[in-house]
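Trainee: I'd like a close look at just one part of this protein, followed outwards into whatever sits around it. Could you walk me through it in one go?

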Amino acid sequence: MAFLHNWIRGKKSYAAQGPANHKLNTPISTVLSQNIADLHELFSQTPDLVVRHFVIKQTGRQAAIAYLDGLTDKNSLNNDVLRPLQFEADAGMPGNLPRVNIGNIRTICHWSDVEMALLRGVSLLFEEGRSEAVVFHTQGWPQRAIEDPQLEASLKGAHQGFVETGSQNIALIRRYIPNRELKIKELTIGRRGNTRVSILYMADIVHPDVLKEIDDRIRQVDIDAIINTGELAELIEDNPYSPFPQFIATERPDSAAAQLLQGRFVVVVDRSPSVLIGPANFASFFQSVDDYSTRWIVASFTRLMRFMGFALAVFLPALYIAVISFNYEVIPLQLLLSIGESRARVPFPPLVEALLMEITLEMMREAGVRLPAPIGQTVGIVGGIVIGQAAVSAGIVSNIMVIVVASTAIASFIIPNYDMASGVRLLRFPMMIIASMFGIVGIVIGMMTLIGHLISLESLGTPYGNPIAPMRFADMKDTFVRLPLWTMKARPKSSRAVNSQRMGDNHPKGDG
């Protein structure tokens with residue numbers, strides 16, 4: 001009975017697949033006409049499928065070349081493939097492969113490989129009497145030029161950003177690390193999208209357990225398609241309910257190369273203009289590529305301002321609500337009188353006043369992002385000034401509330417990582433609510449909860465609170481401040497690098 005049940009289930013599965021999908025499991029025929037018929041059956045209702053028939057001059061046999069229009073470079077196809085096959089009669093390549101001017105040539109024998117190859121933009125040669133197809137790498141899909149990253153602008157760093165082609169992104173990283181220890185592990189995920197994912201790592205630096213962990217997590221992803229790196233990060237992160245990002249997403253090749261040299265890995269997702277970096281820790285989201293291009297004293301001051309901006313963006317509105325509602329005795333008398341005079345006409349409690357202004361700010365910020373750049377900047381500036389002044393004049397909010405909201409917005413803008421800044425924007429709302437219920441005591445409770453969450457969070461099994469929890473004094477040289485480069489001889493322990501030494505003593509400041 002079990003055999004009969006499995007046989008019936010197999011029949012149903014085959015019926016659901018249809019004849020075209022069933023063809024994927026069969027080998028390529030030696031009859032050219034049969035192969036072309038099977039190809040049209042496999043790609044039915046596909047008007048961009050092009051099949052060109054011709055005679056190979058070298059062998060005198062009938063042949064056909066197939067490709068998808070729009071995914072193939074027609075100049076390369078005509079000049080490097082079709083012209084030699086039709087008009088040249090040189091000796092064949094090893095393995096009886098045709099003589100063409102394409103460097104990467106291979107053969108495939110099953111229709112499943114034919115489907116995968118055509119959808120990736122290559123050209124396939126079918127020849128009479130040959131039970132295999134020859135693959136020519138003539139990809140040439142539409143793509144944009146390399147431009148300056150939009151979200152990670154740099155004053156003194158490189159002005160090159162990743163694009164939507166995985167091979168070009170890998171080439172950009174290789175420009176910074178021309179070393180044979182830079183290894184690439186390629187995976188394909190997605191039942192329908194067949195997204196190519198490349199894991200880049202330095203073989204003599206990265207920890208094998210970290211590499212195995214990210215490889216296992218990506219292989220376990222079972223989904224139709226991966227469109228961008230954000231989807232992949234959400235599917236493989238440790239805690240999907242945390243507001244904090246657990247992978248660094250960057251558009252900068254120089255940042256990716258620097259993280260590789262620290263012992264981390266880089267995940268390049270084809271068709272996505274950003275890459276993932278891990279394992280990450282909390283402090284790594286406050287580091288910028290400009291920190292290592294400027295004087296260490298200036299970089300340290302800037303980094304301290306970022307951490308201060310994080311604290312202000314999370315707690316400043318909550319502190320305003322707590323002080324006005326519960327703990328007004330901590331305010332100096334003259335300032336208290338000024339605040340009282342400003343709030344005399346406001347009919348709402350501090351929580352409602354803060355929520356109105358914060359939600360209005362978030363709406364203006366989102367509108368500025370979605371609109372074209374010139375219009376978006378105008379809407380953001382003019383809208384903020386007009387709405388703020390009108391709200392104060394109408395007695396809806398107080399002057400001090402407008403100052404608090406503006407300071408909070410500026411503090412959140414100083415955080416260099418967009419994902420971390422987005423998480424901060426969410427955290428201020430529960431902090432405001434708990435401050436309206438318990439005052440400063442509520443803020444302390446929220447702060448302790450936040451610290452406990454950061455300590456317990458992990459990124460690929462690595463503590464997210466490194467190097468603060470657990471405390472690692474050696475890594476403090478590049479956390480809250482950025483000490484001179486010649487003092488950072490070892491790689492950060494948070495990356496779990498096998499080879500921890502990254503700088504020798506043979507340099508001007510080696511005795512430091």
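Mentor: Let's take helix α8, which is mostly covered, with 7 of its 9 residues buried. Keep in mind as you look that this is a predicted model. The buried residues of α8 are P253, D254, S255, A256, A257, Q259 and L260. What do they pack against? The buried set of α8 sits against α5 and the strands β6 (182–189), β7 (195–202), β8 (248–250), β9 (265–269) and β10 (275–278). Just after the helix comes G263, and its phi is positive, near 105 degrees.

Now pick out the helix partner in that list. α5 covers residues 166–176 and α8 covers residues 253–261; the two pack at an angle of about 60 degrees, and their axes are 9 Å apart. That angle is why α5 and α8 are described as oblique to each other. The crossing of α5 and α8 is right-handed. On the α5 side, the contact is made by L172, I173 and Y176, while α8 brings P253, D254, A256, A257 and L260. Sorted by class, this contact of α5 with α8 has 7 nonpolar residues, 1 charged residue and no polar ones. Put that next to the burial list: P253, D254, A256, A257 and L260 touch α5, and they are also among the buried residues of α8.

There's another helix pair to set beside this one. The axes of α2 (residues 32–42) and α4 come within 12 Å and cross at roughly 60 degrees. α2 and α4 are therefore oblique to each other, and α2 passes α4 in a right-handed crossing. Here N35, D38, L39 and L42 of α2 meet W111, V114, E115 and L118 of α4. The class split for the contact of α2 with α4 is 5 nonpolar, 1 polar and 2 charged.

From α4 you can step onto a sheet. This is an open sheet of 5 strands in the order β1-β2-β4-β5-β3, and the pairing is antiparallel. Its edges are β1 (49–55) and β3 (105–108), each of which pairs on one side only. On average, neighbouring strands of the sheet are turned by 25 degrees against each other, ignoring direction. If you want to zoom in on one pair, β1 and β2 (residues 62–68) run antiparallel over 7 bridges, and R52 stands opposite I65 in β2.

Two helices go with this sheet. Helix α3 (residues 74–87) lies across β1, β2, β4 (123–127) and β5 (133–136), running at about 30 degrees to β1. Helix α4 (residues 111–119) also packs on the sheet, where it touches β1, β2, β3 and β4, and its direction makes about 140 degrees with that of β4.

One last stop is farther along the chain: L457, in the loop between α15 (440–456) and β11 (458–459). Is L457 buried or exposed? Its relative accessibility is 3%, so L457 counts as buried. Setting aside neighbours within four places in sequence, L457 is in contact with N239, S242, F244, Q246, T462, P463 and Y464. Take Q246 from that set: Q246 and L457 are 211 residues apart along the chain, yet their C-alpha atoms are separated by 8.7 Å.

Technical notes
Residues are numbered from 1 along each chain as its sequence is written. This is a predicted model: local features need pLDDT of at least 70, side-chain atom pairs count only at pLDDT 80 or more; totals for chains, interfaces and linings use all residues. Side-chain values use heavy atoms; hydrogens and water are left out. Axes are lines fitted to C-alpha atoms, for helices over the stretch in contact, and angles run from 0 to 180 degrees between N-to-C directions. Helices (H or I, at least four residues) and strands (E, at least two) are DSSP runs, numbered from the N terminus. Angles under 35 degrees count as roughly parallel, over 145 as roughly antiparallel, 65 to 115 as roughly perpendicular and the rest as oblique. A crossing is left-handed if the near helix is turned anticlockwise from the far one by less than a right angle, and right-handed if clockwise. Contact means heavy atoms within 4.5 Å. Ala, Val, Leu, Ile, Met, Phe, Trp, Tyr, Cys and Pro count as nonpolar, Asp, Glu, Lys and Arg as charged, and the others, Gly among them, as polar. Two strands pair if DSSP finds at least two bridges between them. Buried means under 20% relative accessible area, exposed over 50%, partly exposed in between (1.4 Å probe, protein chains only).
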